[in-house]
There are 2 protein chains.
Amino acid sequence: MKQKGILTVVSGFSGAGKGTLMKNLVQRYEEYALSISATTRNPREGEVHGKDYFFKTKEEFEKMIDKEELIEYANYVDNYYGTPRDYVESQLCEGKDVILEIEMIGALKVKEKYPDTLLLFVTPPNVEELKKRLIGRGTESIEVIRSRLNRGKDEAKVMNQYDYLIVNDNLDDTVQKMHQIIQNEHLRCSRNEEFIQCIMEDLKGDLL
Amino acid sequence: MKQKGILTVVSGFSGAGKGTLMKNLVQRYEEYALSISATTRNPREGEVHGKDYFFKTKEEFEKMIDKEELIEYANYVDNYYGTPRDYVESQLCEGKDVILEIEMIGALKVKEKYPDTLLLFVTPPNVEELKKRLIGRGTESIEVIRSRLNRGKDEAKVMNQYDYLIVNDNLDDTVQKMHQIIQNEHLRCSRNEEFIQCIMEDLKGDLL
């Protein structure tokens with residue numbers, strides 16, 4: 001009796017290390033499939049269609065919106081980004097645990113459509129560490145860092161709507177912790193209705 | 001910042017192995033405290049007051065009921081059994097994860113009073129195995145086994161109100177699984193409001 005996969009959405013402060021965590025999770029355990037986003041932005045060097053993104057024209061993307069082929073989508077800097085429903089649902093049906101990385105507004109939209117979505121919020125151990133990591137990257141201007149930290153203020157307000165808080169203090173430990181949380185989710189009674197039905201059926205007959 | 005302990009209630013079919021699981025959990029990990037029940041039944045040989053049970057007279061027990069000193073109680077075969085609130089709450093405040101073994105009606109009462117209680121339901125992999133274990137004990141008459149299996153029918157009906165289903169197929173694995181489920185519970189956003197508040201406070205000030 002193969003169980004359906006768990007849909008997990010990962011959000012968190014910019015600089016919390018979501019990307020690295022997810023890459024490691026998928027490399028280390030075979031249970032997972034990373035969702036692939038659709039976007040209208042141009043491919044960057046080395047990006048592969050169907051692996052990094054599904055690259056779409058504006059017209060194609062808007063057709064997907066109309067046909068409700070996206071679980072959620074958003075528009076940033078004049079480009080669309082969204083999560084194609086087909087890929088996610090087919091992976092879940094095959095029993096894969098699907099991981100999406102989405103910012104918080106999108107995450108809460110997904111939870112609304114799929115109430116059994118698992119919402120994980122990734123955070124560094126404290127704000128000092130968050131600043132250090134953002135500055136440490138050395139790739140961003142002070143203005144960009146400031147605007148990200150400011151966005152953090154808004155994000156913190158909805159943290160309590162997430163299921164689990166993942167404090168990313170050590171990569172290896174945190175990957176293992178995420179794995180355990182997602183795998184334990186398979187043991188929820190609400191995800192084992194078939195098993196419970198079987199037990200009830202078996203108890204119905206003549207017992208001894 | 002020491003977090004409050006998690007209150008966990010373990011129920012399950014008679015013969016599912018709850019007792020052995022809990023004993024092993026407490027022996028293997030130091031995070032846990034087993035709740036000690038109060039009862040009006042007479043001590044059996046070797047049973048120690050304050051370790052196996054708190055032995056009470058009927059009058060003492062009824063006074064505890066009146067003073068709401070019990071989280072839940074029930075009356076079986078003319079004897080009271082109940083869970084003293086004091087012991088449980090003091091252990092939780094010290095950060096211990098407290099484990100109660102209670103049948104299902106009591107378990108749901110506890111959840112009503114303490115909504116953040118974790119409810120675990122222990123079951124053998126299937127009904128065949130359940131029968132085998134009950135018969136295998138060799139200590140019970142066929143009538144007792146039959147009545148337990150019959151009670152199982154009622155119990156199965158409320159299984160879906162539990163949080164997690166613990167399929168007890170292998171003692172060591174199952175103890176570890178229980179441990180992970182309870183420890184992951186500490187990572188729930190709803191149990192980390194203080195941490196979230198701290199992050200929000202730190203993000204309020206001048207950031208850079």
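These legends go with a set of close-ups of a predicted two-chain model.

The model is predicted, with local features taken at pLDDT of at least 70, side-chain atom pairs counted only at pLDDT 80 or more, and totals for chains, interfaces and linings using all residues. Residues are numbered from 1 along each chain as its sequence is written, chains are lettered from A and ligands numbered from 1 in the order in which they are written, and side-chain values use heavy atoms, with hydrogens and water left out.

**View 1. Chain A as a whole.** Chain A carries 8 helices and 9 strands; these are DSSP runs (helices H or I, at least four residues; strands E, at least two), numbered from the N terminus. Its C-alpha trace spans about 75 × 45 × 30 Å along the principal axes. Of the 208 residues in chain A, 49% are buried, where buried means under 20% relative accessible area, exposed over 50%, and partly exposed in between (1.4 Å probe, protein chains only). Some 67% of the contacts between residues at least 6 apart in sequence join residues at least 24 apart; a contact here is heavy atoms within 4.5 Å. Chain A exposes about 10900 Å², with carbon and sulfur atoms supplying 47% of that (Shrake-Rupley areas, 1.4 Å probe; for residues, only the protein chains shown count as cover).

**View 2. The two copies, superposed.** Chain B lands on chain A after a rotation of 180 degrees with 0.0 Å of shift along the axis, at an RMSD of 0.0 Å. The fit is by least squares on the C-alpha atoms of residues with pLDDT of at least 70 in both copies. The two copies are thus related as by a two-fold rotation axis. Both use the same surface, since 100% of the contact residues of chain B recur in chain A.

**View 3. The 5-strand sheet of chain B.** This open sheet runs in the order 2-7-1-8-9, and its pairing is parallel; two strands pair if DSSP finds at least two bridges between them. At the edges sit strand 2 (32–34) and strand 9 (164–167) of chain B, each pairing on one side only. Neighbouring strands are turned by 30 degrees against each other on average, direction ignored. Angles come from lines fitted to C-alpha atoms, for helices over the stretch in contact, and run from 0 to 180 degrees between N-to-C directions. Further in, strand 1 (residues 7–12) and strand 8 (residues 118–123) of chain B run parallel and are joined by 5 bridges. Look for B:Val10, whose bridge partner in strand 8 of chain B is B:Leu120. Helix 1 (residues 18–28) of chain B packs on the sheet, touching strand 1, strand 2, strand 7 (97–101) and strand 8 of chain B, and makes about 165 degrees with the direction of strand 7. Helix 3 (residues 85–93) of chain B packs on the sheet too, against strand 1, strand 2 and strand 7, at about 150 degrees to strand 7.

**View 4. The 4-strand sheet of chain B.** Here the order is 4-3-6-5 in an open sheet with mixed pairing. Strand 4 (53–55) and strand 5 (70–76) of chain B are at the edges with a single partner strand each, so one side of each has no neighbour in the sheet. From one strand to the next, the twist averages 25 degrees. Strand 5 and strand 6 (residues 79–84) of chain B run antiparallel, joined by 5 bridges, and B:Asn75 has B:Tyr80 as its bridge partner in strand 6. Helix 2 of chain B packs on this sheet, touching strand 3 (37–39), strand 4, strand 5 and strand 6, at about 45 degrees to the direction of strand 6.

**View 5. Salt bridges within helices of chain B.** A salt bridge is a side-chain nitrogen of Lys or Arg within 4 Å of a carboxyl oxygen of Asp or Glu; by that rule there are 19 over all chains. B:Glu62 and B:Lys58 form one, with their closest N and O atoms 3.5 Å apart. Because they are 4 residues apart in helix 2 (residues 58–66) of chain B, about one helical turn separates them. B:Glu62 is partly exposed at 28% relative accessibility, and B:Lys58 is partly exposed at 48%. In helix 6 (residues 142–158) of chain B, B:Asp154 and B:Lys157 lie 3 residues apart, about one turn, and their side chains meet in a salt bridge at 3.4 Å, N to O.

**View 6. A salt bridge between loops of chain A.** A:Asp116 pairs with A:Arg191, the closest N and O atoms being 3.5 Å apart. A:Asp116 is in the loop between helix 4 (104–113) and strand 8 (118–123) of chain A, and A:Arg191, 75 residues apart from it, is in the loop between helix 7 (171–185) and helix 8 (193–204). A:Asp116 is partly exposed at 45% relative accessibility, whereas A:Arg191 is buried at 17%.
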